Structures are given as C-alpha cells and as structure tokens.
Amino acid sequence: MNQSAENPPVDGPPVEDPPVEDPSVENRPQVSLAQSSPTVGTFRERGGALEWSGRQETLRVEPWGPDAVRVRARLGGPVLDGLPGALLDRAPDTESSVKIGDGEGQLTVGALTVEVSAEGLVRFLRSQDGSEVLAEERAHFWWPGSRLYTAVGNGHHRLEQRFAAYDDERLFGLGQHQHGRFDQKGLVLDLVQRNAEVTVPVLSSSRGYTLLWNNPAIGRVELAGNGTRWVADSARQIDYWITAGTPADGQRRYSAVTGRTPMLPEWAAGFWQCKLRYRTQDELLAVAREYKRRGLPLSAIVCDFFHWTHLGEWRFDPAEWPDPAAMVRELDELGVKLVVSVWPSVSPLSENHPVMEQRGYFIGTQYGPMAHADWPDKGVASTVQVAFYDATNPEAREFVWSKVRDNYLVPYGISAFWLDACEPELKPGFQENLRYWAGPGLEVGNVYPAENARTFHEGLSAEGEEVITLNRSAWAGSQRYGAALWSGDIGTDFPTLRRQIAAGLNTALSGIPWWNTDIGGFHGGDPDDPAYQEVMVRWFQFGALSPLMRLHGFRDPGMPLGPGMTGGPNEVWSYGEEAYGVLEKYLRLRERLRPYVLEVMREAHEEGLPVMRPLFLEFPEDQAAWAVDDAYLFGRDLLVAPVLTAGATARTTYLPAGATWTDAWTGETYEGGAAVTVDAPLDRIPLFLRDGRRLPVDTAPRS
C-alpha cells in the first residue's frame, strides 16, 4: 500500500533539503547485475516507491491513486517534499508492486506499468498488453538526456523534461488560450498567467493518458513533431503525475488527486447580469428592478470595480453606495444575488497599505520598491503604483479575508465575489523580480490565482457559506477552491466567439468545470449596430448553454479608464426589439434547464467530470469525434452546435457514433456516426438530445 504524503499547496515556507537517510538494512539499494557498468545507476524500493539514483540524480516513481503514479527527479540529493504544487496532501492508498532486476526497475499500479532503465530512462506502459503509452526520449545520444538540469544559482535549475512525439497523437487541455486551437499538438505555449491566457498544465492525450506538470514555475511546453518538452525556468526538481485510461477516466483520477469542485450553489446556475460598470447603487438597482418588471429571470447582478473608497480598502464608497444594506435587502426580495468585485491590488492611498507593507503581506521584489503595476485610484488625477497582496502567505490571506468579511459579509451578507486581475495583473510582467512567501517568482508564480481563490474558499467555508468565486485566472487545483473561470478581456466578433469553443473545451479538460465567457465579448460592441446585434444573439445562445451564463462587456461608447468610467448599455433590452425577443427566449430556456444544469454540476462535484464536454469524452471509440472542435456536449445528454459565422441560417455538425440523436427543435431523429445539416435561423441554436433523453428545450407545441 502507498502511504506517501504531500503537503497541500503552499502550507509552509520553502523547505530545506532533507538529510540523507542512513543506509539501514531496510533502505539498502537492491543492486542489479548490470550495475557494474559505469553508465547505470542503482535501484531501490522505498515505501512502495521505486527509486533510481545515478550521476548525482535521484528519480522517484510512486503510486499516486488508481492507475496513476507521481514522478519526481532532482539533481544533488533526494527528492523534496513540501514544495508548492497542485496535488492534495495525501495520495489515495493504492495497491502496487515493485520489481528490480536485470538492469531495470518496474512499478505496476493497476492499468499503468512504469519501467525505468539502468540509465534512468522512464517508459509508461499499459499493464494489460505492455504497449507504450508515453516514454522519455533523449535529446541526443550523448548529451543532453531526457532530463536536463542547468544551474541558475542557489540550488535552482532550469529544468527540461523530454518525452517522445507520436505522429498520430492529439493533445488537449493546458488551460485556456485564445489561439483558437482545440488540439494543441504542434504548439508552443508559455507557462505563465496573463489576462485571457490561463496556465493549467494538464494534458489529455489520444494515446490514453492524462499528465499533470506539477510545477508552478514560469516556463513553457513544446508539443512539437520531434518531441514534447516541458521547461521550468527556475525550480528545484522535476515533478509530474500521470494516469492511464480514457479521457473521462483521466478527469476522474486527476480531480481525485487535485481536489473536486464543491457543489455549485443553486442560484449560480441561473443568469448573471453585469456590465462595465454600474457606477452607483441607484444604477444597479434600476437594472434589477427592470428585469423583474419585465418578468425576466435574473439570478445575480455584479457590482464591478471602482465601487471602493480606495483600491485595497475592500469596502463600498458611501458617496456612490450610500446604503448597501438596503440594496442587498431589496435584491434579496427580488431573488437576486449580489456579486462584488474584489481585486488583489492595494493602492498606496489605502488605509491598509502601511500595515500590509510593514507585516510583509505584499509580494516582494528582488530589486526596487514593492510596486507591481500602475492603476487609477480615487482622489488623484494620475495613476498610482499599486502592490499585490501575497496570496501564498497564510497570514496575508487571513488579513485580506478579515477585511472582506468585515466590510461585505458580516454587515450585508454578501458572500459571492468576483476575483478580477488575479493573474496577478503585473505591469511590467517580470516574474524574475518577484519574491513570494512561497519562493522566488520564477519558481512559484503560476500558483497565485489558485492561492487567491483559496483565500475566499477558506474564509467562506469557516463562516459556513457556500463557495463560488469568479476568477480571471486559475492554476491546477483551482477547482477545489470553488473557482469559476472566465475567458478574460476578449474581442467582440464572430472569430473571437469561435475561439471560445476551443478555450472552453480545453479548460474543461484541465479539471475546471465552472467556466464562462463575457457574453458578447468584452472590448467594445455597439448595441445599435445590426452586425453586432447578430454577434450578441449568437453569443447569448452559446452562453445559455455554457456552464455559467453571464452577460458582461465594455460596450460602446466607452470612457477612459478611471473611477468615473462606465460603458454603454448591456442589458438584454439594449440590442433592439428583434434581438430582445431571441435573448428573452434563451433566458427562459436557461431557466427551464436549471435542474439539468445542477444535475450535471453534481457529476462534476462527485465524479470530476466536466460540464462542457468534448464529444470524445463520451465517445472515445469514435475517431471522428476527436476532430470536432466547434460543438460539444453539455453534460451527457445534450449536444450543442453554436452558430459561429455571420449570416448563417443552417449549421452542419457531426453526431457521434454509438447513440441516436434527436433534434431538440424539430423532433427529427438521426443515427450517430455522420454529419447532419439542420436549419439554424437567428432564433435557433442547434441542439440534439441523446438516446431519447427528454429535456425542456422546445416547449412550443408541434403540428
């Protein structure tokens, strides 16, 4: 049985190298006959794990859940525990076996067998037939090998981990990106957090494995035709987790070892209204009242940025929000949840800045002052230099939560928060200059959004509240903190809408089931322009069939960035009568589907399966399903084919083999395994029901 343990992400300061263990009888290496060669290392079994040592490097392979292992490698000593990562504090107990002999070591855990050669090369095999799933590969027959360590000082290295490439392999996941590609094969991606570019280093492969690069270091991943290479610019050891099985199996096992999402609060399954931005209490309440006057479903409304006194004081400005208690009380009577924007940045004008700086609660810098970006604030004509609180520091998390609790939750009962700019939004983005409580910026920088979400998860949980936060960035494991991700500040045209399908599907395969976009996009969009009205209608239809449904954007005419800014109107009645009729239809569709949405959300909570699913997740044997990047399954039973081009009145989509599909609007039935073309007038998004499942989509009587 595997009894190994690992600390949860960032529960303590960076650890020192542990002492080398005494060579007791239990720990004495089991040497193979081939180890007389100068090119081979030594093997040992320790605590159910297989260890190889050679050329001053230690490699440890250990069971880490059913059909899964964790691999760590380090130069200059034994592997380290306690470094920041995504894996939970304890691996599930798992039956496994270790064999050592004939110049190699082997560990088997369920469907996955790991072979380590005498020279330390690793291969992952299917236990059933011994076929290769994935293998390390040398960069050159002489040097470098499959794992490369280039010293950068103070015990840190630039790390490279190389694997073989396979011509027929398709690769998915890796978080959320705006390149528009679903299959990531052939791409090079920076491992760094930026607005609309979210690093979650999890890959699902068509070869039957899911791999987590369990390292929050800044770096990149190269998915080239001549090899796959993971790079960390500065870190102390290689660390990854891998499981064998179908993509659905991979999602279940990955979520089991990194943490499953909480159950979605029931209110969050409905429609969220927001814009950049409602400037006053009266503006926000007027919108909520109008929704209710029209009889339109509304579950949440957002109070966006600049509602505060100063950035980093985390409280309402009484000049614009004179009676938050009365506002929340009226919204409650209307059945509407208030969501409040909370930024992790702190202005020097904030009353909290001096004490936070004194106590070391800000992200530090290696050179220069603790200022990470310039930003407008109230009371000054120009921008000020703001700092970001260090979410990797438990005391800083407690301090920030105490302010949020005392200024929002306790007096007004506000328990839903929009965590904007949580990459964090550095300007300039020099991670090399940052010093976190958990370690240097290059080593731990990607973990920040997960730790920021953790601040609110721990705080709300301690108060007995349900947890959901809306985040602009995320990392592996963010889902366990109740983090919903949105696709950032994106464009407002059909090509951008098209790219969101791939972005959402890859996010889903990165273990984050709560995801959405700004319906209509963010940057611009003229509500009076017929061309943009069509974009809005088609995007709204997609939004109604997204995990979360939220209308947002900075509509024309905009205003310069600053405390007094607002954008054009962005409510469902803002886009003309024809558009309004369609938007109302899909508001009501979402409301009818809420029981199904919550049913699918429970699968995410209990099994780790995503809400927005690529077709191959349910139909892995259908090879054609692996190539579909413009349609998806919403849960198990509803296939969604958004209209993604201007002027389209028909839509062709592939229906997977192995099921019967019913057009939700017409009732016509199709056998899977072929593409079909259906009508798609402006008021219709093609929807197909699987194997006779009945859902309240079209409620109009048919002739």
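**Figure 1. Opposite Thr-662, in strand β40, stands Leu-689.** The structure is a predicted model, in which local features need pLDDT of at least 70 and side-chain atom pairs count only at pLDDT 80 or more, whereas totals for chains, interfaces and linings use all residues. Residues are numbered from 1 along each chain as its sequence is written, and side-chain values use heavy atoms, with hydrogens and water left out. The view shows strand β37 (residues 660-663) and strand β40 (residues 687-690), which pair in the antiparallel sense over three bridges. Strands (E, at least two residues) and helices (H or I, at least four) are DSSP runs numbered from the N terminus, and two strands pair if DSSP finds at least two bridges between them. In the pairing with β40, Trp-661 stands opposite Arg-690.

**Figure 2. Strand β40 also pairs with strand β35 (residues 638-640).** This pairing is antiparallel and runs over three bridges. The bridge partner of Val-640 is Leu-687 in β40. Leu-687 and Leu-689 point one way from β40, while Phe-688 and Arg-690 point the other way. All four of these residues are buried, that is, under 20% relative accessible area, with exposed meaning over 50% and partly exposed in between (1.4 Å probe, protein chains only).

**Figure 3. β40 belongs to an open sheet of six strands.** The order of the strands is β33-β34-β35-β40-β37-β38, and the pairing is antiparallel. At the edges are β33 (612-613) and β38 (669-671), each of which pairs on one side only. Strands of a sheet pair through backbone hydrogen bonds, either parallel or antiparallel.

**Figure 4. Strand β4 (residues 68-75) is largely enclosed by the rest of the structure, because seven of its eight residues are buried.** Strand β3 (residues 57-63) pairs with β4 in the antiparallel sense over seven bridges. Across this pairing, Glu-62 has Arg-70 in β4 as its bridge partner. The hairpin of β3 and β4 has four residues between the strands, and in this hairpin Gly-65 takes a positive phi near 100°. Strand β18 (residues 238-244) is another antiparallel partner of β4, with six bridges. Here Val-69 stands opposite Ile-242 of β18.

**Figure 5. Ala-217 lies in the loop between β15 (209-213) and β16 (219-224).** Its relative accessibility is 1%, so Ala-217 counts as buried. Leaving aside residues up to four places away in sequence, Ala-217 touches Leu-191, Ala-232, Ser-234, Ala-235, Leu-442, Glu-443, Val-444 and Asn-446; contact means heavy atoms within 4.5 Å. Asp-233 is 16 residues from Ala-217 in sequence, and their C-alpha atoms are 6.8 Å apart.

**Figure 6. Val-600 is a residue of helix α10 (residues 577-607).** Val-600 has 1% relative accessibility and therefore counts as buried. Beyond residues up to four places away in sequence, Val-600 touches Val-611, Arg-613 and Gly-635. Between Val-600 and Tyr-448, the separation is 152 residues in sequence and 29 Å in space, C-alpha to C-alpha.

**Figure 7. Glu-45 has its place in strand β1 (residues 42-46).** At 36% relative accessibility, Glu-45 counts as partly exposed. Glu-95 is 50 residues away from Glu-45 in sequence and 15 Å away in space, C-alpha to C-alpha.

**Figure 8. The setting of the close-ups is a protein chain with 11 helices and 40 strands.** The radius of gyration of the chain is 26 Å, close to the 27 Å given by the globule rule for 703 residues, so the chain is as compact as a globular protein of that length. This radius is taken over C-alpha atoms, and the rule is 2.2 Å times the number of residues to the power 0.38. Along the principal axes, the C-alpha atoms fill a box of roughly 85 × 65 × 40 Å. Of the 703 residues, 62% are buried. Among contacts with a separation of 6 or more, 71% join residues 24 or more positions apart. The accessible surface (Shrake-Rupley method, 1.4 Å probe; for residues, only the protein chains shown count as cover) comes to about 24700 Å², of which 49% belongs to carbon and sulfur atoms.
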